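Please examine the sequence and the structure shown below. The briefing that follows treats its topics in turn.

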Amino acid sequence: MALQSRIRPHFLFNSLNTVLGLMRSEPQLAETVLENLAELYRALLSESGVLSRLEREIALARAYTEIEVTRLGSRLTVNWQCQGVPFDALVPPFVLQPLLENAVYHGVEPSEAGGVVNVTIFLKGDQLNLVVRNPCESPSHRQSGNRMALTNIRERLALHFDAEAEMSAYEAGGEFVVQIRMPYKHG
Amino acid sequence: MAEPLRIFLVDDETPARSRLRSLLGDCMEMLPNEVVGEADSGAAALAALAQVRADVVLLDIRMPGMGGMEVARQLADRPGSPQVIFVTAYDAHALSAFEVGARDYLLKPVRLERLVEALRRLRPVEAGAVPMKRDHFVVSDRGRVVRIPLEEVLYLRAELKYVTLRTREREYVLDESLTKLEEEFPGELLRIHRNCLVNRCHLTGFELRREGEETRWVAMLGNWPEVLPVSRRQAHVVRDFRLC
């Protein structure tokens with residue numbers, strides 16, 4: 001149940017299929033995919049709801065996008081801008097990976113040409129900001145899964161930060177943008 | 001020994017195609033085969049398959065641009081097209097896969113045994129396989145896929161960008177062309193206008209209507225309140241109706 005609500009079940013089968021496809025021709029790449037997959041599922045299975053370090057959430061999100069880049073090839077580019085962010089910041093677990101999964105699923109996979117997902121993380125005053133942007137050509141591509149992940153994150157933000165955190169999701173200039181702001185808390 | 005089975009691979013993901021190639025290599029002794037080509041998109045597959053002769057297409061369903069369902073539908077309209085086996089990670093498509101005439105349906109990751117079984121199953125009907133004649137239409141309706149039996153269809157009408165299918169209860173949008181439907185159901189559907197096919201089994205007669213200076217025929221469908229104009233060009237259908 002917890003697994004299903006965080007990651008699309010098809011992601012597992014697609015990833016395993018990618019590994020099987022690489023096993024003979026590029027065994028080292030196949031190993032990397034499996035290592036990333038293991039890291040991601042270990043985190044999912046051990047998720048306890050307590051706040052997690054930003055560093056770890058970035059690592060999980062990177063493990064996820066690395067798998068998808070292997071699967072989708074040149075169609076997917078992920079740009080990370082998170083220089084100088086406080087890696088010790090405490091954030092809700094799985095606050096970032098589902099946003100990237102949505103961005104890939106809705107913004108990149110439906111397009112033959114592919115697309116770029118931009119992740120920007122920065123500290124402004126005592127506020128930590130996470131911004132994920134992906135192309136959205138046609139609004140019809142959006143599906144209900146999108147909302148589900150966003151609702152879930154919104155609830156968890158409220159649980160940990162009450163009204164001090166906020167999340168907005170909007171379309172602007174051909175892009176779908178999700179922006180999260182929360183107080184910089186560290187342990 | 002029989003000719004090797006000619007196989008064409010379609011999947012937008014490179015590792016997925018590479019996986020299928022490995023499996024086909026593995027079953028070479030059990031089932032002689034040859035990969036005659038591959039494509040990473042629906043459009044590329046249709047273009048290549050117009051040139052390359054293949055016996056079977058292993059076809060991914062969820063692809064950007066034109067999906068596998070649409071590729072299968074278009075292949076079904078071409079004479080001498082290869083048979084289709086869907087390969088997908090998404091099992092929710094199983095039902096519609098068979099609607100478009102797929103021979104089989106494999107889930108990713110595919111096991112060797114299952115692939116061999118699917119390929120063996122289609123060998124005997126390889127030559128001149130004729131898709132079974134449909135007795136229904138499949139329409140998408142607010143997130144559902146619904147079957148409409150042919151006998152429930154009153155008429156089909158081309159609108160600006162799509163075709164509407166009318167039943168007694170309501171109207172559906174159909175993703176097919178009138179011309180193809182007319183060719184597919186010559187005994188069942190009758191062209192009365194450039195933009196309209198009526199279902200012969202509901203057609204009860206024609207009536208001559210006066211419109212200003214002109215007169216024109218309209219078709220009547222039982223107790224259906226609406227009448228449908230017959231174009232001058234199709235006026236011969238009234239004569240044919242008298243004769244039989």
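Over all chains, this predicted model holds 33 salt bridges. Side chains of opposite charge can pair when their charged atoms come close. The points below begin with such pairs in chain B and then turn to surface patches, to single residues and to chain A.

**Salt bridges**

- R6(B) and D55(B) form a salt bridge in which the closest N and O atoms are 3.0 Å apart. This pair links distant parts of the chain, for R6(B) belongs to strand β1 (residues 5–10) of chain B and D55(B) to the loop between α2 (42–49) and β3 (56–60), 49 residues apart.
- The two partners differ in category: R6(B) has a relative accessible area of 24% and is therefore partly exposed, whereas D55(B), at 9%, counts as buried because the limit for that term is under 20%.
- D104(B) and R114(B) form another salt bridge, with 2.9 Å between the closest N and O atoms. Here D104(B) lies in strand β5 (residues 104–107) of chain B and R114(B) in helix α5 (residues 112–122), ten residues apart, and the pair again links distant parts of the chain.
- With a relative accessible area of 5%, D104(B) is buried, while R114(B) is partly exposed at 27%.
- A salt bridge also joins the side chains of R191(B) and E182(B), at 2.9 Å from N to O. Salt bridges that share partners join E68(A), R71(A), E109(A), E13(B) and R62(B) into one network.
- R191(B) is buried, its relative accessible area being 12%, and E182(B) counts as partly exposed at 28%.

**Surface patches**

- D135(B), E151(B), E152(B) and E169(B) form a negative patch on the surface.
- Within this patch, E151(B) is placed in the loop between β7 (144–149) and β8 (155–158) of chain B. The relative accessibility of E151(B) is 51%, so the residue counts as exposed, a term that requires over 50%.
- A nonpolar surface patch consists of F13(A), L16(A) and L34(A), which together have about 230 Å² of accessible area.
- F13(A) is part of helix α2 (residues 9–22) of chain A, and its relative accessibility of 37% makes it partly exposed.

**Two residues of chain B and their surroundings**

- H202(B) occupies the loop between β12 (196–199) and β13 (205–211) of chain B. At 17% relative accessibility, H202(B) counts as buried.
- Residues up to four places away in sequence set aside, H202(B) touches E151(B), E152(B), V153(B), L154(B), R168(B), M220(B), L221(B) and G222(B). Among these contacts, E151(B) and E152(B) are also members of the negative patch.
- V35(B) is located in strand β2 (residues 33–39) of chain B and is partly exposed, with a relative accessible area of 30%.
- Apart from neighbours within four places in sequence, V35(B) is in contact with I7(B), L9(B), R21(B) and L24(B). The C-alpha atoms of V35(B) and L9(B) are 7.5 Å apart, although 26 residues separate the two along the chain.

**Chain A as a whole**

- Chain A contains six helices and seven strands. Along the sequence, these elements follow the pattern α-α-α-β-α-β-β-α-β-β-α-β-β.
- Of the 187 residues in chain A, 51% are buried.
- Among contacts in chain A with a separation of 6 or more, 73% are between residues 24 or more positions apart.
- The exposed area of chain A is about 8800 Å², of which carbon and sulfur atoms supply 54%.

Terms used. Residues numbered from 1 in each chain as written. Chains lettered and ligands numbered in written order. Predicted model: local features only at pLDDT ≥ 70, side-chain atom pairs only at ≥ 80, totals over all residues. Heavy atoms only, no water. Patch = residues over 30% accessible without salt bridge, like charges linked within 9 Å, V, L, I, M, F, W, Y side chains within 5 Å. Areas by Shrake-Rupley, 256 points an atom, 1.4 Å probe, with all protein chains shown as cover. Salt bridge = Lys/Arg side-chain N within 4 Å of Asp/Glu carboxyl O. Lys, Arg positive; Asp, Glu negative; His and termini not counted. Charge placed at Lys NZ, Arg CZ, Asp CG, Glu CD. Helix = DSSP H or I, 4+ residues; strand = E, 2+ residues; numbered from the N terminus. Buried < 20%, exposed > 50% of the residue type's maximum accessible area, 1.4 Å probe, protein only. Contact = heavy atoms within 4.5 Å.
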